[in-house]
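Colleague: Could you walk me through this one? I'd like to hear the reasoning behind the labels.

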Amino acid sequence: MAVVTRSNTRSAGRMSCPRSVVNDVVYFNVPIFFYRPEKKVMEEEAGLKGLGSFHGIPCDLVEEASVAELFAQIEKSFGRLDVSICNAGSYKFASILTGTTSNWVDMLQLNVLATAMCLRDSVRLMTVSPAQSGHIIIMGSALGCKVSQPECLHFYSATKFAVRALAEGVREELVTAKHDIRVTHLAPGLVRTESSRHLVSAVAFTPLEVADIVAAVVFALQAPSHVNVSEIHIVSA
């Protein structure tokens with residue numbers, strides 16, 4: 001059983017659903033920055049026939065009650081969680097000197113707080129399932145490892161540094177608690193998606209493709225059980 005969190009850009013959501021990896025995908029559509037009505041979720045569900053059992057569920061990931069209810073629904077319907085891919089996130093052009101507080105709050109809520117809530121509830125569900133094991137994959141960014149240009153992404157970079165800290169922190173806590181749950185932090189550079197088209201058009205290099213990120217997800221998930229691929233940096237050649 002796998003859960004994939006996502007924002008409302010289609011390509012970003014589909015990248016974490018490779019046919020060779022998951023049989024059941026609970027799909028959280030997040031009506032925060034790129035709102036899509038429930039009808040759109042069902043359309044995407046129909047478009048992913050053949051991936052196994054696909055469940056499209058609208059969710060507001062920045063509302064704690066909504067997140068708790070949906071993880072409760074997973075537990076009631078499936079009784080377990082094997083893989084959690086924390087993929088939802090968003091950027092807004094907001095530098096540190098000229099950015100608006102509202103834009104900062106929006107990014108903090110989805111990129112950091114929503115990720116933390118999903119980590120907490122994913123671990124809870126993994127530890128109460130019969131296998132008491134699992135794998136969490138957290139989508140970070142190369143900008144969460146090194147601050148660089150453009151300035152308008154500096155606050156976004158700060159949120160991704162926090163995401164990397166969450167990944168390292170939850171990994172340490174799981175080791176201390178002796179839980180058999182692996183944690184992988186992915187740190188890709190610019191990826192060509194619907195939401196990044198403006199950034200892609202402004203750069204001189206060839207961006208990463210969604211398939212490149214899928215390959216990294218598959219690599220981490222298919223590693224031997226005694227191996228934890230703790231972090232993967234992915235950049236354009």
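Modeller: Sure, and keep in mind that this is a predicted model. Let's start with a term: a crossover is right-handed if, with the strands pointing away from you, the path from the first strand over the helix to the second runs clockwise. Strand 5 (residues 133-139), helix 5 (residues 154-176) and strand 6 (residues 180-188) form a β-α-β unit of that right-handed kind.

Colleague: How do you know that strand 5 and strand 6 pair?

Modeller: Pairing takes at least two bridges, and seven join strand 5 to strand 6, with the two running parallel. Within that pair, Ile136 sits opposite Val183 of strand 6.

Colleague: And what makes strand 4 a partner of strand 5?

Modeller: Here the count is four bridges, again against a minimum of two, so strand 4 (residues 83-86) and strand 5 pair, in parallel. Ser84 faces Ile136 of strand 5. To get from strand 4 to strand 5 the chain goes through helix 4 (residues 101-128), and this β-α-β crossover is right-handed.

Colleague: Why is strand 5 called largely enclosed?

Modeller: Six of its seven residues are buried, so the rest of the structure largely encloses strand 5.

Colleague: Why is Asn111 called buried?

Modeller: Buried means under 20% relative accessible area, and Asn111 has 0%, so Asn111 qualifies. Asn111 belongs to helix 4.

Colleague: What makes the pairing of the Asn111 and Thr159 side chains a polar contact?

Modeller: The distance is 3.1 Å, and the cut-off is within 3.5 Å for a suitable donor and acceptor. A polar atom of the Asn111 side chain also lies 2.8 Å from the backbone nitrogen of Ser90.

Conventions: Residues numbered from 1 in each chain as written. Predicted model: local features only at pLDDT ≥ 70, side-chain atom pairs only at ≥ 80, totals over all residues. Heavy atoms only, no water. Buried < 20%, exposed > 50% of the residue type's maximum accessible area, 1.4 Å probe, protein only.
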